[in-house]
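Below is a short briefing on strand pairing and sheet order, prepared for a reader who has the coordinates at hand.

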Amino acid sequence: MKQILILSDIHSGTTRPSQARQGIVRQPSSNALEQLTRYREKWKSWPFDMLVDLGDLTKPIHESNENEDLYKKAVESIKQLDIPTTFIYGNHDAEYVSVAKMKMITGQAYFNSVRVVEGIQLVMLECTQIDQNTSIISPETMDWFGSTVDRKLSTIILSHYSLVPIKMTGSFGFEGKDSTVHVQNYLEFAKFIEGYNVRASINGHLHWGGYSKLGRFPCITVPPFTDNFLISSKVDAHPGIYNVLTIDDKSARVQSYSGDYCFMSIEL
Ligand SMILES: [Fe+2]
């Protein structure tokens, strides 16, 4: 059995008034890294074989040149957990830190990668940011996928954006912005992966937990580490949510936790 820690939307930054909802103080993200550190011993003794960070490590400070530093500190905090880690990036990271800089800071030459775990192929997939609200699976990424990913192996795709449209009614940040939660060329990508043995996809970005379907396979949205569960100015209200992908020779499941409490469990 192997266990993979999945973190998403850590959004390390400063607590500040919401831009989307006037008059609300948004998220205690200023202590996100502190909260991460609190989990260190617990996660060390779990133990995890691998960590995948699904992106949005930062909550950028607009009009500021401190964002690169914010990203760097978040990467360092994750590396200090001492679990072999693969990073992909999110829209907030890409908006203020260039892909080249993120490669330098993470030490990763690529944001597309494959790892076979207990006979299941994990594909960490880069979603290329076109502008603030638009992301695609680029032709280069599809070429890479075509030449690298095994068509026969059971495959789980991990990405920042959803690979399928999702109705965002009731969402704190995405209500009325349904088109910004999925990759724009999802239909093209769905067709492209038809010949592959995709078992499930797992994404972040939406700031809630969810289950959708793309053709025959489930698309799981894992909830964020920070944000939107408690809207409060109190920094100790940080939810600190993490996800665990468990794979053995018979099954795979993803579970979401806050502290010791597992509140979502989905068989893949
Ligand atoms: Fe995001």
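In this predicted model, strand β16, spanning residues 261–267, is hardly covered, since the count of buried residues among its seven residues is zero. A residue counts as buried here if 20 or more other C-beta atoms lie within 10 Å of its own. The points below place β16 in its hairpin and its sheet, and then turn to a second sheet.

**The β15–β16 hairpin**

- Strand β15 (residues 252–258) runs antiparallel to β16, and six bridges join the two strands.
- Two residues separate β15 from β16 in this hairpin, and Gly259, which lies in the turn, has a positive phi of about 65°.
- Ser258 has Tyr261 of β16 as its bridge partner, while Tyr257 is bridged to Cys262, also in β16.

**The sheet that contains β16**

- β16 belongs to an open sheet of six strands, ordered β5-β4-β1-β14-β15-β16, in which the pairing is mixed.
- The edges of this sheet are formed by β5 (85–87) and β16, each of which pairs on one side only.
- From one strand to the next, the twist of this sheet averages 20°.

**The second sheet**

- Another open sheet of six strands follows the order β6-β7-β10-β11-β13-β12, and its pairing is likewise mixed.
- Its edge strands are β6 (113–117) and β12 (210–214), each pairing on one side only.
- Neighbouring strands of this sheet are turned by 20° against each other on average, with direction ignored.
- Within this sheet, β10 (residues 155–159) and β11 (residues 198–203) run parallel and are joined by five bridges, and the bridge partner of Leu158 in β11 is Ile202.

Technical notes: Residues are numbered from 1 along each chain as its sequence is written. This is a predicted model: local features need pLDDT of at least 70, side-chain atom pairs count only at pLDDT 80 or more; totals for chains, interfaces and linings use all residues. A residue is buried if 20 or more other C-beta atoms lie within 10 Å of its own, exposed if 12 or fewer, and partly exposed in between; C-beta atoms are placed from the backbone. Helices (H or I, at least four residues) and strands (E, at least two) are DSSP runs, numbered from the N terminus. Two strands pair if DSSP finds at least two bridges between them. Axes are lines fitted to C-alpha atoms, for helices over the stretch in contact, and angles run from 0 to 180 degrees between N-to-C directions.
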